[in-house]
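Colleague: Could you take a close look at a single helix in this model, and then set it beside what can be said of the interior?

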Amino acid sequence: MKPILVRTHAVALTGITANIISVETHVGSGLVSFNLVGMPDASVRESRDRVRAAMQSCGIDWFEHRVTVNLSPAGIPKAGSAFDLAIAVGLLAARGVLPPSVVDGTVFTAELGLDGSLRPIRGILSSVLGAKREGMKQVVVSDRSLAEAQLVPGVEILGFSHLRDLVTHFGGRLPSVLPPLLPKDILGQKKLVREVREHEQVDLADVKGQSFAVEGLILAAAGGHHMLMLGEPGAGKTMLARRLPTILPALDDEDAIAATAIHSVSGTFDSSTGLIRTPPIEMPHHSATMAAIIGGGSGVPRPGAISRAHAGVLVLDEAAEFSPQVLDAMREPLESGVVNLQRARHHVEYPARFQLILASNPCPCGHAISRRKSCTCSSIQQRRYLSRLSGPLLDRLDIQIPMMTPSPAQLAEPPAYSSKTAKEAVERARARARKRWAGTPWSLNAHVPAKLLRDPQYGIDSAVHKGIEHAIEDGTLSLRGATRVLRLALTVADVRGADRAGLPELSKALMFRNGVENANA
């Protein structure tokens with residue numbers, strides 16, 4: 001027979017980056033076989049049986065020839081069931097059911113059921129973004145992925161529930177008598193839906209008697225700073241951490257797309273809500289593994305909690321109970337804003353610019369700094385407990401807050417902020433920071449490199465730099481700590497509405513850096 005060659009397109013995801021894959025289908029003479037090449041993993045190789053069953057469910061006979069399907073470029077690893085539809089369309093075109101010219105230039109990305117139904121896959125948003133970047137004008141998805149795919153403008157999105165509908169749309173012809181369809185969702189498939197956390201149900205006004213901690217939380221939100229809360233049980237650490245997202249501004253377009261893409265790849269995105277505009281919050285249990293927090297797993301590494309918290313908040317409650325190896329693995333992402341996951345056959349980079357909030361007891365019994373209860377732990381137990389939070393990790397935390405159970409008088413005081421008023425203060429402070437850093441790639445003080453902080457045009461008085469130099473000489477601040485204090489001083493100035501950071505702002509920044517409450521500072 002005369003050889004037949006057809007080309008369609010699919011998408012291979014590397015992290016949240018989409019690579020357009022040419023699916024080349026060759027049908028020729030030789031022993032009857034089906035060969036899938038181009039670095040497919042086991043899940044991709046299984047597509048042969050899914051595609052065969054789906055085509056037969058549409059009344060299409062299987063090939064009695066040698067069939068070779070090449071996924072090009074061959075050097076990019078392929079994983080998952082997203083190639084099913086592109087392979088099936090290529091085979092249909094080779095069979096003469098579809099005109100090859102109408103499918104070339106279209107991206108097909110969906111899983112096939114054995115009855116020919118199109119099922120949703122993870123990472124649709126990233127796939128469509130990649131198709132748009134490569135100049136593809138049309139993307140075909142499952143109808144259940146249509147809402148997510150249509151979040152990307154400038155690309156024609158087609159959604160179908162069954163392979164039959166796709167063939168009809170592209171001008172193909174199927175046998176008039178077809179096998180019956182299975183009842184829809186007979187397998188009980190459930191889409192993984194991102195948990196909706198109703199931030200409006202909690203309010204910063206619920207926190208009473210912790211004015212110093214609330215002020216620190218507002219500074220953390222205004223400048224994007226990392227924070228540690230150390231205190232006895234029941235002092236309100238977790239309560240305060242849960243309220244940080246309620247005072248954060250909505251995500252801009254760039255962060256919203258990145259956060260949505262990560263949650264789409266993770267399978268925790270609900271497309272009915274549109275792009276993720278509320279800063280996400282992740283609160284993993286202290287028993288979570290390295291792969292769960294940092295990312296990883298078998299096959300292609302998946303995003304962990306630090307990536308799902310991108311542009312949002314990662315809260316580690318009972319931080320000292322986490323594995324020290326897991327905690328120290330966050331040190332590099334805290335600086336770079338990305339996490340690189342290296343495997344023997346895979347290298348994946350995920351965004352991971354998040355705000356880290358640690359909450360911990362000071363000792364196993366929790367009463368080492370209590371004013372009302374005596375600590376029952378030995379000095380060795382206390383040191384061993386807090387030593388799980390390493391010095392290099394603590395050095396990356398701009399704000400440290402001691403929290404003790406409020407007295408009745410403190411509880412009787414009216415709250416200084418509600419979530420609404422605190423959010424307004426944060427938005428005003430961030431607006432001042434954006435104006436200061438206009439013309440640079442940064443908008444939050446916590447992300448600005450050290451060399452810019454030394455430039456007097458960016459609002460730090462020379463007296464502040466001299467004070468920092470003395471602190472470095474005395475050994476009370478590391479070089480990294482000095483940079484973080486300068487960033488925090490700018491945030492203090494932004495919250496206060498000041499144009500420059502002077503000695504009063506430096507004093508306040510050192511208070512929060514060292515975790516020393518002093519109302520006269």
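**A helix and the interior**

Modeller: Helix α10 is mostly covered, since 10 of its 14 residues are buried. Please keep in mind that this is a predicted model. The buried residues of α10 are A256, A258, A259, T260, A261, I262, H263, S264, V265 and S266. The length of the helix can be checked as well: at 1.5 Å a residue, the 14 residues of α10, which covers residues 253-266, should span 20 Å, and because the end C-alpha atoms are 20 Å apart, the expectation and the model agree. Directly after α10 comes G267, whose phi is positive, near 80 degrees.

Turning to the interior, the largest nonpolar core has 52 residues, and those with the most contacts inside it are M229, L240, I247 and I401. One of these, L240, is in contact with L204, V207, A213, V214, L217, M229 and M403, once its neighbours within four places in sequence are left aside. Apart from this core lies another, of 47 residues, which includes I20, I306, L334 and L393.

A further residue that can be described in detail is T25, which has its place in strand β2, residues 17-28. T25 counts as buried because its relative accessibility is 0%, and buried means under 20%. Not counting residues up to four places away in sequence, T25 touches I4, L5, V6, V67, T68, V69, G90, L91 and A94.

Key:
Residues are numbered from 1 along each chain as its sequence is written. This is a predicted model: local features need pLDDT of at least 70, side-chain atom pairs count only at pLDDT 80 or more; totals for chains, interfaces and linings use all residues. Side-chain values use heavy atoms; hydrogens and water are left out. Helices (H or I, at least four residues) and strands (E, at least two) are DSSP runs, numbered from the N terminus. The expected span of a helix is 1.5 Å times one less than its number of residues. Buried means under 20% relative accessible area, exposed over 50%, partly exposed in between (1.4 Å probe, protein chains only). A nonpolar core is a set of buried Ala, Val, Leu, Ile, Met, Phe, Trp, Tyr and Cys residues joined through side-chain atoms within 4.5 Å. Contact means heavy atoms within 4.5 Å.
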